[in-house]
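Visitor: Please give me a close look at one single part of this structure. I would be grateful if each term were explained as it arises.

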Number of protein chains: 2
Amino acid sequence: MAATLRDVAALAGVSIKTVSNVVHDFQHIRPATRERVRAAIDELGYKPNISARSLRSGRTGVIGLALPELSLSYFAELADAIIQAAERRHLVVLLEQTGGGDRDREIAMLSSPRLQLTDGLIFSPLGLSTEDAALLNVGYPMVLLGERVFGGPVDHVTMHNVEASKAATLHLISRGRRRIAIIGAHEGEVVGSAVLRVQGYREALAEAGIPFDPALICNVGRWHRVDGAEAMRALIDTGVSFDAVFGLNDTLALGAMRVAQVAGLRVPEDVMFIGFDALDETKYSLPTLSTIDPGRDEIADTAVRLLVQRIEEGVTPPLPEVYLADYTVIDRESTAG
Amino acid sequence: MAATLRDVAALAGVSIKTVSNVVHDFQHIRPATRERVRAAIDELGYKPNISARSLRSGRTGVIGLALPELSLSYFAELADAIIQAAERRHLVVLLEQTGGGDRDREIAMLSSPRLQLTDGLIFSPLGLSTEDAALLNVGYPMVLLGERVFGGPVDHVTMHNVEASKAATLHLISRGRRRIAIIGAHEGEVVGSAVLRVQGYREALAEAGIPFDPALICNVGRWHRVDGAEAMRALIDTGVSFDAVFGLNDTLALGAMRVAQVAGLRVPEDVMFIGFDALDETKYSLPTLSTIDPGRDEIADTAVRLLVQRIEEGVTPPLPEVYLADYTVIDRESTAG
DNA sequence: CCGGTTGATTACAACGTTGCAGCCGTCTGG
DNA sequence: CCAGACGGCTGCAACGTTGTAATCAACCGG
């Protein structure tokens with residue numbers, strides 16, 4: 001069916017190795033030969049067989065990306081950015097979904113034969129925790145994303161969660177709010193974005209001399225819109241007073257904001273809202289949502305860069321690198337005033 | 001590094017072919033032998049080398065998915081569904097983004113060597129049109145999605161665009177609306193979702209005896225939120241009266257709805273809104289957005305099923321199959337009354 | 001004019017897997 | 001008791017590529 005090196009070689013009247021050399025822009029080839037081979041390649045529509053190349057060279061040009069689920073906008077936008085970053089380095093991305101924080105699936109994924117034809121993995125777990133760090137000692141290049149596991153044996157790209165969260169909270173405080181509810185805490189957890197962001201929140205309160213009120217902390221199961229909505233409804237039902245809401249991600253904030261508005265609260269007059277992630281849709285909600293831009297493109301680009309580095313240098317990281325992306329507070333209508 | 005069949009064979013004291021047979025659950029193997037081989041496999045942590053297998057067998061277990069961009073929620077949710085459908089059939093998905101309707105990139109993608117290690121492609125173009133149908137005659141299995149190309153040489157999974165759009169429009173009409181604006185038309189285009197959906201809209205108007213008013217048709221460049229927002233602003237600025245808006249996709253409708261609300265219009269009292277796609281977020285906008293559910297999971301599952309069928313039967317489709325998914329009108333607050 | 005360098009090309013052997021043909025030994029039916 | 005079938009296993013060749021070593025001609029300096 002498809003033309004091979006052998007076919008091209010026969011047509012051009014050279015050896016297959018010469019064709020291979022032409023394909024790879026090897027230096028010492030006579031221009032005449034090069035032209036003849038090029039012509040034959042075009043005529044036959046030759047495309048290198050990646051399986052064979054990969055078998056021979058051990059490289060596939062494919063990197064794996066494992067994340068919880070694309071239907072969460074944050075991960076969709078992250079995947080978008082990573083695919084683009086990979087493309088810039090001539091890599092393609094094989095995408096796996098591990099589901100919404102299923103630890104067992106995430107662990108299974110790490111040794112899945114489906115990753116065999118991958119040169120390395122960018123892994124964004126949601127169910128693992130720091131005690132699983134040893135599991136990340138897999139035999140292939142890997143870059144870790146997120147806030148679930150720290151101190152693991154692999155490069156890690158993440159963000160200044162505590163600082164960013166503190167900045168978000170201080171932003172609300174600077175607008176005069178003192179009863180700031182948190183939507184999206186995870187009860188009993190000791191690791192992950194939720195914990196860090198709550199920590200940043202508490203640091204901000206402490207700095208401003210505002211007492212911490214546990215009644216303002218709303219726990220949720222997952223970080224979907226529906227969870228934000230339900231948490232807000234529950235909060236309102238408790239009758240606790242609040243004048244601002246910090247959604248630990250944008251999706252939660254948007255779900256919560258909607259419920260608040262349905263309940264007759266005016267945003268930002270009665271309640272201010274701020275989210276986290278800088279999703280595209282926060283620019284178009286009503287009102288537009290203030291949020292934290294965690295440097296998504298920077299994270300994507302760095303993750304791919306580090307992975308390529310590991311792939312090229314060999315597997316063992318002498319000292320795993322930790323990269324923290326810059327964040328920015330984006331001030332919009334939901335915190336205007 | 002990694003264990004091969006040879007290593008396992010040596011450890012188990014059998015030939016590599018026997019190991020291969022065990023791996024493939026070949027029938028005629030003595031239980032004792034099978035056990036011994038299994039033990040050796042476990043001990044060495046053997047994983048088949050997919051490159052080699054693929055070189056030998058011509059199959060990789062990977063399918064390509066080429067779509068415009070994940071940052072459009074519709075495509076993110078579609079990709080989610082397709083990855084899950086593929087996983088059910090033990091396939092992994094290699095994801096390529098072609099950008100927002102760049103015809104040249106889409107064409108280039110079709111012959112990209114990056115697809116070499118793929119058994120087939122699910123392709124959702126946005127820049128091609130029917131005259132490009134011949135380009136789809138590639139040498140590998142392919143399933144086409146979307147409304148850009150009809151009558152091509154490949155299986156096609158799409159939806160009842162005209163009927164669904166007509167149903168959406170009739171839904172607004174049944175609520176008493178007669179000045180229904182369209183957000184998302186593509187000026188001068190003769191192919192694609194926009195054209196079909198406008199056609200359904202016109203059929204509905206005709207059926208209801210409502211005159212068609214070109215002033216109510218708002219053209220946009222792309223189908224992002226910002227385009228919906230800008231189109232709505234432009235529409236309001238023209239001073240044309242309207243009492244309902246049909247966003248040709250949810251993202252447009254949400255962008256437009258926000259601008260309408262900022263302009264002081266009440267939804268649904270002053271203006272009703274309906275979208276198209278049934279994105280998750282339409283359940284949580286304020287008000288919740290009525291929309292058309294185009295049967296996303298059904299589309300995903302069918303696309304993968306057809307692709308697998310083509311892969312297994314060989315490339316040439318005797319008669320390309322066209323599958324039309326069912327749609328449903330979802331009635332929510334934005335059209336209440 | 002010759003040894004040595006360089007340029008241009010090639011032969012060969014892998015990479016790890018699987019299809020095929022074939023080899024033994026045992027079992028079955030006539 | 002024997003032909004043939006069949007179960008259980010093995011050896012070999014091939015898939016298309018690339019790294020290494022080798023070949024051969026041309027060229028250079030002394």
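Guide: Two strands are said to pair if DSSP finds at least two bridges between them. The elements themselves are DSSP runs numbered from the N terminus, a helix being H or I over at least four residues and a strand being E over at least two. This is a predicted model, in which local features need pLDDT of at least 70 and side-chain atom pairs count only at pLDDT 80 or more, while totals for chains, interfaces and linings use all residues. Residues are numbered from 1 along each chain as its sequence is written, and chains are lettered from A and ligands numbered from 1 in the order in which they are written.

The part to examine is β2(A), together with its neighbours. Within chain A, β1(A) and β2(A) run parallel and are joined by six bridges. In this pairing Ile63(A) stands opposite Val93(A), and Leu65(A) has Leu95(A) as its bridge partner.

How well covered is β2(A)? Six of its six residues are buried, a word used when 20 or more other C-beta atoms, placed from the backbone, lie within 10 Å of a residue's own (12 or fewer is exposed, in between is partly exposed). In a regular strand the side chains alternate between the two faces of the sheet. On one side of β2(A) are Val92(A), Leu94(A) and Glu96(A), on the other Val93(A), Leu95(A) and Gln97(A), and both faces are covered.

The partner strand gives a similar picture to study. Strand β1(A), residues 62-67, also has six of its six residues buried. Val62(A), Gly64(A) and Ala66(A) point one way from β1(A), and Ile63(A), Leu65(A) and Leu67(A) point the other way.

The strand β2(A) also reaches across to the second chain. With strand β2 of chain B, residues 92-97, β2(A) pairs in the antiparallel sense over three bridges. Here Leu94(A) is bridged to Leu94(B). Leu94(A) is also the residue of chain A that comes closest to the rotation axis, with its C-alpha at 2.1 Å.

That axis comes from superposing the two copies by least squares on the C-alpha atoms of residues with pLDDT of at least 70 in both. A turn of 180 degrees and a shift of 0.1 Å along the axis lay chain A on chain B with an RMSD of 0.1 Å. This is the relation of a two-fold axis.

The wider contact places the strand in context. Two residues are in contact if their C-beta atoms, placed from the backbone, lie within 7 Å. Chain A contributes 43 residues to the contact, and chain B contributes 43 residues. On the side of chain A that touches chain B, β2 (92-97) is one of the elements that each supply at least two residues, along with α4 (50-57), α5 (73-88), α9 (225-238) and α10 (250-262). The most comes from α5(A), with seven residues. By class, this side of chain A has 21 nonpolar, twelve polar and ten charged residues. Nonpolar here covers Ala, Val, Leu, Ile, Met, Phe, Trp, Tyr, Cys and Pro; charged covers Asp, Glu, Lys and Arg; the others, Gly among them, are polar. Of the interface residues of chain A, 98% are also interface residues in chain B, so the copies meet through the same surface.

One neighbour in that contact, α4, also takes part at the DNA. A residue is near a strand of DNA if its C-beta atom, placed from the backbone, lies within 6 Å of it. Around DNA strand D there are 24 residues, of which Leu5(A), Asn49(A), Ala52(A), Thr18(B) and Thr33(B) come nearest. The largest share of that surface, five residues, belongs to α4(A). The surface near DNA strand D comprises nine nonpolar, eight polar and seven charged residues.

DNA strand C has 25 residues around it, and those coming nearest are Thr18(A), Thr33(A), Leu5(B), Asn49(B) and Ala52(B). Both α2 and α4 of chain A, together with α1 (5-12), α2 and α4 of chain B, give two or more residues to this surface. Here α4(B) gives the most, with five residues. The classes near DNA strand C are nine nonpolar, nine polar and seven charged.

To return to the strand itself: β2(A) is paired in parallel with β1(A) and in the antiparallel sense with β2 of chain B.
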